[in-house]
Amino acid sequence: AVGIDFGTTATVAALYQKGYRSLLRLGSSASSTAKSAENPAYLLIKDHERLWAEMARDPKTQRFPHLLRIVRGSHAAYDARAIAPNAVIGELKSLPERILNLDQSPQLRDRERQRDFLLDEARVRVLIRTYAYLLGRAINRPGQDVYLHYRLTHPAKFDERSRKLLEDEIKNGILLAIPQDIPAEEITVEMAASEPEAFAAEVCPELAAHPALEPLITRLGEM
């Protein structure tokens with residue numbers, strides 16, 4: 001199983017298999033201060049038109065989109081902020097809230113074509129799906145076992161529509177990274193715990209599992 005904390009600025013993914021746990025690193029960073037387990041939630045858009053086209057695939061029937069020279073993710077995107085600031089989009093988790101509830105439409109300019117484009121709900125879905133796909137490819141490397149079950153954290157206070165968008169597109173992105181011979185029905189992706197609940201479970205599993213403490217744990221995320 002895989003546990004994913006899809007944070008505002010970074011993602012942490014914990015892989016659990018055969019009694020062992022490990023943390024995923026999504027690419028490498030040129031920065032000496034980068035934390036190995038924290039993968040920046042950033043994308044560098046090189047060609048937005050090709051990105052929309054490639055990510056329009058049906059994850060149930062057409063997997064493994066060709067994203068070479070179209071987009072870069074995580075550390076590579078974060079490190080490119082200084083040289084291509086208008087082509088880099090970060091804090092991906094906050095995008096649904098900005099688009100759906102705050103009526104914001106961030107404008108970007110892709111790096112290769114130097115063409116401007118605005119973000120709407122459909123394009124935000126593509127960006128979340130793309131990041132999840134890159135994450136899925138890093139988790140399920142060729143020649144290794146394929147992970148079928150994924151558990152996500154969510155903020156204690158989060159708009160339900162935004163939460164559903166994130167859950168759907170993270171699942172779609174991960175599914176794109178799964179071999180075609182594995183049916184979509186065998187893959188489970190769900191937001192199973194709030195961030196404070198996940199933190200409590202890590203620090204003190206016995207207390208986190210106690211039903212009487214659930215309201216208190218939830219309140220931690222609202223403070």
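How do the residues of the lining of the largest cavity divide into nonpolar, polar and charged? I hope these points help as you look through the model, which is a predicted one.

1. To take that opening question straight away: the lining of the largest cavity has 7 nonpolar residues, with no polar and no charged ones. The residues concerned are Ile-4, Phe-6, Tyr-131, Ala-132, Leu-135, Leu-152 and Ile-170. Two elements, strand S1 (2–6) and helix H4 (121–139), each give two or more residues to this lining. H4 provides the largest share, 3 residues.

2. On volume, the largest cavity comes to about 40 Å³. The count of cavities of 30 Å³ or more is 1.

3. Strand S1 is also worth following into its pairing. S1 and strand S2 (residues 10–17) are antiparallel partners, with 5 bridges between them, and a hairpin of 3 residues joins S1 to S2. Phe-6, one of the residues lining the largest cavity, has Thr-11 of S2 opposite it.

4. S2 has further partners. With strand S3 (residues 20–23) S2 runs antiparallel and shares 4 bridges; Leu-15 has Ser-22 in S3 as its bridge partner. With strand S4 (residues 39–40) S2 is again antiparallel, this time through 2 bridges, and Ala-10 sits opposite Pro-40 in S4.

5. If you check backbone torsions, please look at the hairpin of S2 and S3: there are 2 residues between the strands, and Lys-18 in this hairpin has a positive phi near 55°.

6. Phe-64 is another one for the torsion list, with a positive phi of about 55° although it is not a glycine. You will find Phe-64 in the loop between H1 and strand S6 (71–73). Its relative accessible area is 30%, so Phe-64 counts as partly exposed.

7. Glu-91 is also a residue other than glycine with a positive phi, here near 50°. Glu-91 lies in the loop between strand S7 (88–89) and helix H3 (95–100). Is Glu-91 buried or partly exposed? Glu-91 is partly exposed, because its relative accessible area is 34%.

8. Finally, a word on His-48, which belongs to helix H1 (residues 48–54). His-48 counts as buried because its relative accessibility is 4%, and the cut-off for buried is under 20%. Leaving aside residues up to four places away in sequence, the contacts of His-48 are Asp-110, Arg-115, Asp-116 and Phe-117.

Terms used
Residues numbered from 1 in each chain as written. Predicted model: local features only at pLDDT ≥ 70, side-chain atom pairs only at ≥ 80, totals over all residues. Heavy atoms only, no water. 1 Å grid on protein atoms, 1.4 Å probe; cavity = no way out; pocket = protein on both sides within 12 Å on 5 of 7 lines; lining within 4 Å. Points joined across faces, edges and corners; volume = space filled by probe spheres on them. Nonpolar A, V, L, I, M, F, W, Y, C, P; charged D, E, K, R; others polar. Buried < 20%, exposed > 50% of the residue type's maximum accessible area, 1.4 Å probe, protein only. Contact = heavy atoms within 4.5 Å. Pairing = 2+ DSSP bridges.
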